[in-house]
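Below are some notes on the model you sent, set out as numbered points so that each can be checked against the coordinates. Please read them with the structure open.

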Amino acid sequence: MTEKFKIIGGETLKGEVSIGGAKNAVLKILAATVLVKGSTKIYNVPHLTDVDIILSVLSELGAKIKYNTEEKSVEVDASEISSITAKYELVSKMRASFIILGALMSRCKEAIVALPGGCAIGERRVDFHIKGLETLGAKIKIENGYVHAKASKLIGSDIYLDIPSVGATENLMLAAVTAEGSTRIQNAAREPEIIDLANFLNTIGADITGAGTSEIVINGVKQDSLHSAEYTTIPDRIEAGTFMAAVVATKGKAIIKNVYPAHLTFFNDKLIQMGASIKLVEPTTIEVSSRNRLNSINFVTQPYPGFPTDLQAIAMSLLTTANGVGIITESLYENRFMQVPDLRRMGADIHQDRNHAIIKGVKKLEGATVVASDLRAGAALVVAGLMANGETTVEKLHHIDRGYEDFEYKLQGLGAKIKRINEETMEVNPSVIKGGI
Ligand code: EPU
């Protein structure tokens with residue numbers, strides 16, 4: 001079904017919004033449930049299409065899934081794993097499915113997983129994942145677009161990552177859980193989602209220390225010692241940052257609940273430099289507001305704890321109408337400025353040269369029809385639509401649905417005029433009945 005958002009810009013966002021579970025933690029934790037010959041129950045699971053995809057991957061391996069969307073929980077019974085193959089049809093829909101490689105190696109010592117290929121935002125190679133598994137003793141063949149990894153046993157080793165890749169750190173951490181001896185991942189990624197995965201793995205019986213630092217040590221344990229457990233995932237820092245930006249963009253004031261402010265330190269600091277106010281109300285509740293035209297800032301995206309690449313496009317929307325000139329350098333991906341042509345169509349003044357963008361603030365954006373080319377570019381265009389004069393249509397919502405649960409409902413709750421429309425029937429989706437335009 002092709003759907004689009006219609007947004008009438010100019011409303012000041014006010015009220016309260018609660019942030020859901022972190023997509024990029026939940027996907028890996030769900031994959032990690034394969035390690036347990038039994039049931040695990042995960043709470044704070046957002047209802048997203050990416051979650052549906054990882055559950056399909058698990059289901060094809062033979063795991064039994066109970067997804068309770070009301071309770072936001074998923075129970076995975078991985079007592080029986082009948083297949084070791086993750087097909088291209090699923091991995092190509094969501095490259096994070098590649099995480100199943102490390103999980104299957106830990107559980108079965110053999111896995112056949114489709115290579116994800118590139119994606120819209122960049123080449124996104126998996127060479128560190130493969131090289132790391134080989135260091136642990138796996139024999140790897142790449143055949144017909146699939147990685148076939150096999151080992152009679154994995155042996156703990158020192159692994160050095162050329163760059164702190166999130167996915168490679170997670171895949172190797174998973175594989176090393178049941179390796180013989182200790183594995184040390186150096187130059188590991190330090191994202192909060194890595195800590196969450198390590199915490200989950202320790203909850204089921206793994207022995208991991210150092211997650212959240214650049215050296216993670218995994219002391220191998222026996223596969224049979226891993227056990228059933230329940231686990232609640234952390235809140236989504238990128239969803240939180242998106243709502244903070246939407247509030248600030250409309251000179252609004254809102255309470256954001258279920259957020260870990262420590263996960264957003266760099267982003268918060270940049271918002272404050274732009275003129276926003278952020279107050280801690282409770283340990284997991286903040287109040288964000290802004291009254292005046294924002295100031296321009298410069299930033300470079302970096303691995304955590306630097307400025308998150310996943311909030312780069314959304315921050316660019318804020319810069320389009322800020323006072324002065326802002327410069328963004330995207331250092332993680334080759335092609336993550338896909339929102340630029342659409343922001344220009346809304347009147348933004350942006351000069352782009354390879355991975356640098358120079359944004360000269362204009363007084364106001366104008367509504368236009370724009371296309372969500374990927375998840376975060378799509379969210380950035382929604383924020384731009386909320387800021388703009390008149391009506392903005394954001395097409396290809398399936399990208400946004402990968403990572404934002406109930407996006408329009410939550411924005412409507414803050415007073416935004418946004419509704420979802422089915423392009424073929426032109427019918428308004430029930431979201432509008434819940435309190436839309
Ligand atoms: N890279 C390699 N070789 C590898 C692995 C990575 O060259 O073997 C390169 C990539 O091409 C990329 C850079 O390293 O240029 C960083 O990639 P990383 O592996 O850290 O990213 P990822 O694990 O593929 C996760 C998030 C992304 C987020 C990045 C960076 C998930 C499911 N995805 O991707 O989230 O941008 O970390 O923080 O966790 C999103 O949510 O919109 C999203 C894209």
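1. A definition is needed before the interior can be described: a cavity is taken here as a set of grid points where a 1.4 Å probe fits but cannot get out, and a residue counts as lining if one of its atoms lies within 4 Å of a point. The model is predicted, and every remark that follows should be read with that in mind.

2. With that definition, the structure holds 1 cavity of 30 Å³ or more, and the volume of the largest cavity is about 40 Å³. Its lining is made up of Gly21, Pro46, Leu48, Asp236, Glu239, Gly403, Tyr404 and Glu405. By class, the lining of the largest cavity divides into 3 nonpolar, 2 polar and 3 charged residues.

3. Tyr404, one of the residues that line the largest cavity, also belongs to an aromatic cluster, which it forms together with Phe5, Phe243 and Phe407. A search of the whole structure for aromatic pairs finds 7 of them. Phenylalanine 200 and tyrosine 231 form one such pair, edge-to-face, with 5.6 Å from centre to centre and 70 degrees between the planes. This pair links distant parts of the chain, since phenylalanine 200 belongs to helix 7 (residues 192-203) and tyrosine 231 to strand 14 (residues 229-232), 31 residues apart. Phenylalanine 200 has a relative accessible area of 0% and is therefore buried, and tyrosine 231, at 12%, is buried as well.

4. Phenylalanine 243 and phenylalanine 407 also form an edge-to-face pair, with 5.7 Å centre to centre and 80 degrees between the planes. Because phenylalanine 243 lies in helix 8 (residues 237-249) and phenylalanine 407 in helix 14 (residues 407-413), the pair ties together parts that are 164 residues apart in sequence. Both phenylalanine 243 and phenylalanine 407 are buried.

5. Turning to an open feature, the second largest pocket encloses about 270 Å³ of space. It is lined by 19 residues, and those nearest its centre are Ala249, Lys251, Thr321, Lys364 and Met387. Helix 8 and helix 12 (375-387) are the elements that give two or more residues to this lining. In the second largest pocket the lining divides into 8 nonpolar, 6 polar and 5 charged residues.

6. Among the sheets, one deserves a closer look: 4 strands form an open sheet in the order 10-11-13-12, with mixed pairing. Strand 10 (158-160) and strand 12 (207-209) stand at the edges and have a single partner strand each, so one side of each is left without a neighbour in the sheet. From one strand to the next, the twist averages 15 degrees. Strand 10 pairs with strand 11 (residues 182-186) in the parallel sense over 3 bridges, and aspartate 158 stands opposite arginine 184 in strand 11.

7. Two hairpins can be checked by eye. In the hairpin formed by strand 8 (residues 139-143) and strand 9 (residues 146-150), the strands run antiparallel and are joined by 5 bridges, with isoleucine 140 standing opposite alanine 149 in strand 9. There are 2 residues between strand 8 and strand 9, and asparagine 144 in the turn has a positive phi of about 50 degrees. Strand 20 (residues 349-353) and strand 21 (residues 356-360) pair in the antiparallel sense over 5 bridges, and here isoleucine 350 stands opposite isoleucine 359 in strand 21. This hairpin likewise has 2 residues between its strands, and arginine 354 in the turn has a positive phi of about 45 degrees.

8. Helix 10 (residues 312-319) is mostly covered, as 8 of its 8 residues are buried. The buried residues of helix 10 are Gln312, Ala313, Ile314, Ala315, Met316, Ser317, Leu318 and Leu319.

9. A last point concerns a loop residue: is alanine 276 buried or exposed? Alanine 276 lies in the loop between helix 9 (265-274) and strand 16 (277-282). Its relative accessible area is 7%, and because buried means under 20%, alanine 276 counts as buried. Alanine 276 and glycine 390 are 114 residues apart in sequence, and from C-alpha to C-alpha they are 24 Å apart in space.

Conventions. Residues numbered from 1 in each chain as written. Predicted model: local features only at pLDDT ≥ 70, side-chain atom pairs only at ≥ 80, totals over all residues. Heavy atoms only, no water. Phe/Tyr/Trp six-rings, centres within 6.5 Å; stacked < 30°, edge-to-face > 60°. Buried < 20%, exposed > 50% of the residue type's maximum accessible area, 1.4 Å probe, protein only. Pairing = 2+ DSSP bridges. Axes fitted to C-alpha atoms, helices over the stretch in contact; angles between N-to-C directions. 1 Å grid on protein atoms, 1.4 Å probe; cavity = no way out; pocket = protein on both sides within 12 Å on 5 of 7 lines; lining within 4 Å. Points joined across faces, edges and corners; volume = space filled by probe spheres on them. Nonpolar A, V, L, I, M, F, W, Y, C, P; charged D, E, K, R; others polar.
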